[in-house]
Amino acid sequence: MKNQIRGMRIIVTDTYKDMSKKAATIVASQVNLKPNSILGLATGGTPVGMYKELVEMYNNDEVDFSEVKTFNLDEYYPIERTNDQSYFYYMNDNLFKHVNVLEENINIPNGKAEDIEKESYEYDKNIYNSGGIDLQVLGIGTNGHIGFNEPDIAFESGTHKVKLDSETIEANARFFESIDDVPTEAISMGMKTIMQSKKIVLLANGEGKAKIIEKMLFGEISPNVPASILQLHPHVIVILDREAAKYIEEKIN
Ligand code: PGA
């Protein structure tokens, strides 16, 4: 089932695997059409399946990443790259070590940066000088965050340091030994950079995301639900499994 709400095309799939395959196909098509694409990449539980599919496509010679440049959305702060919970480690583990993205073309905010303002400024400048993001992959937090842009009274525009929401810390505790090990801060790409991406693919699966997906698509546009700003983007593809689409299926039919 497919549908369109303003600039957003909604695709509902039966399973997590179908959602992941659909997303991987979109990323691979982008790279096949423009081999030197600038990809914005996301971490978290949601895109793991998409990366698996992309690795399979790469192994089958269906996609070549040799000219691709990547910018990840965020990184915990402070964190060592070698920490198996860092997003640097995650990206290497789930994608980079399996495919032919060149090391010099990989960009992830530095979780050990001494001067965060400088790191943020340079990260944004690097994205800008690369020509901007062609395709940005997003997940969504149960509180509506994209990247680590947490609910707030205003939208932050550029890359910046954030204090993680208690809801985010609780949600991410499943990846750590204890909730006390979850970093309380992070560096995140800002909303302006995300909104300037030429295309966006947002993925969500599971019932736990159903309420926020409804708010993102049909609620008021507010920094209190950061993902709601995507209603203003001209080219967003939202790919959901049936559970995450629970409250919207009737509305888009
Ligand atoms: P998740 O996180 O994929 O682990 O649910 C999504 C997010 O926080 O953006």
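Me: What is the relative accessible area of Tyr58?
Reply: First off, this is a predicted model: local features need pLDDT of at least 70, side-chain atom pairs count only at pLDDT 80 or more, and totals for chains, interfaces and linings use all residues. Residues are numbered from 1 along each chain as its sequence is written, and side-chain values use heavy atoms, with hydrogens and water left out. Buried means under 20% relative accessible area, exposed over 50%, and partly exposed in between (1.4 Å probe, protein chains only). Tyr58 is partly exposed, because its relative accessible area comes to 23%.

Me: How many aromatic pairs turn up in the whole structure?
Reply: Rings of Phe, Tyr and Trp (its six-membered ring) pair if their centres lie within 6.5 Å. Searching the whole structure on that basis gives a total of 8.

Me: Which residue does Tyr58 form a tilted aromatic pair with?
Reply: Planes under 30 degrees apart count as stacked, over 60 as edge-to-face, and the rest as tilted. Here the angle is 45° and the centres sit 6.4 Å apart. The partner counts as buried, at 2% relative accessibility. That partner is Phe65.

Me: Which residue is stacked with Tyr87?
Reply: The two planes differ by 25°, with 6.1 Å from centre to centre. Tyr87 sits in helix H3 (residues 87-94), and its partner is 61 residues away in the loop between strand E7 (135-138) and strand E8 (160-163). Helices (H or I, at least four residues) and strands (E, at least two) are DSSP runs, numbered from the N terminus. Tyr87 is buried at 8%, and so, at 3%, is its partner, Phe148.

Me: Which residues do ring pairs link into a cluster?
Reply: Tyr87 and Phe148, the stacked pair, both belong to it. The full list is Tyr51, Tyr76, Tyr87, Tyr90, Phe148 and Phe176.

Me: On to charges: which residue forms a salt bridge with Arg242 at 2.0 Å?
Reply: A salt bridge is a side-chain nitrogen of Lys or Arg within 4 Å of a carboxyl oxygen of Asp or Glu, and a search of the whole structure finds 10 of them. In this one, the closest N and O atoms are 2.0 Å apart, with Asp14 on the other side. The pair links distant parts of the chain, 228 residues apart, with Arg242 in the loop between strand E11 (236-241) and helix H8 (249-252). Arg242 is partly exposed at 34%, while exposed at 53% is Asp14.

Me: Why does the salt bridge of Glu53 and Lys17 tie together separate parts, and how many residues apart are they?
Reply: Their side chains meet at 3.0 Å, N to O. Glu53 lies in helix H2 (residues 48-59) and Lys17 in helix H1, so the separation in sequence is 36 residues.

Me: Which residue pairs with Lys246 in a salt bridge?
Reply: The closest N and O atoms are 2.4 Å apart. Lys246 is partly exposed at 41%. Also partly exposed, at 47%, is its partner, Glu207.

Me: Which residues form a negative surface patch?
Reply: Lys and Arg count as positive and Asp and Glu as negative, while His and the chain ends are not counted. Patch members have over 30% relative accessible area and no salt bridge, and like charges are joined within 9 Å (nonpolar side chains within 5 Å). One member, Glu56, is found in helix H2 and counts as partly exposed at 44%. The whole patch is Glu56, Asp61, Glu62, Asp64 and Glu67.

Notes: Accessible areas come from the Shrake-Rupley method with a 1.4 Å probe; for residues, only the protein chains shown count as cover. The place of a charge is taken as NZ of Lys, CZ of Arg, CG of Asp or CD of Glu.
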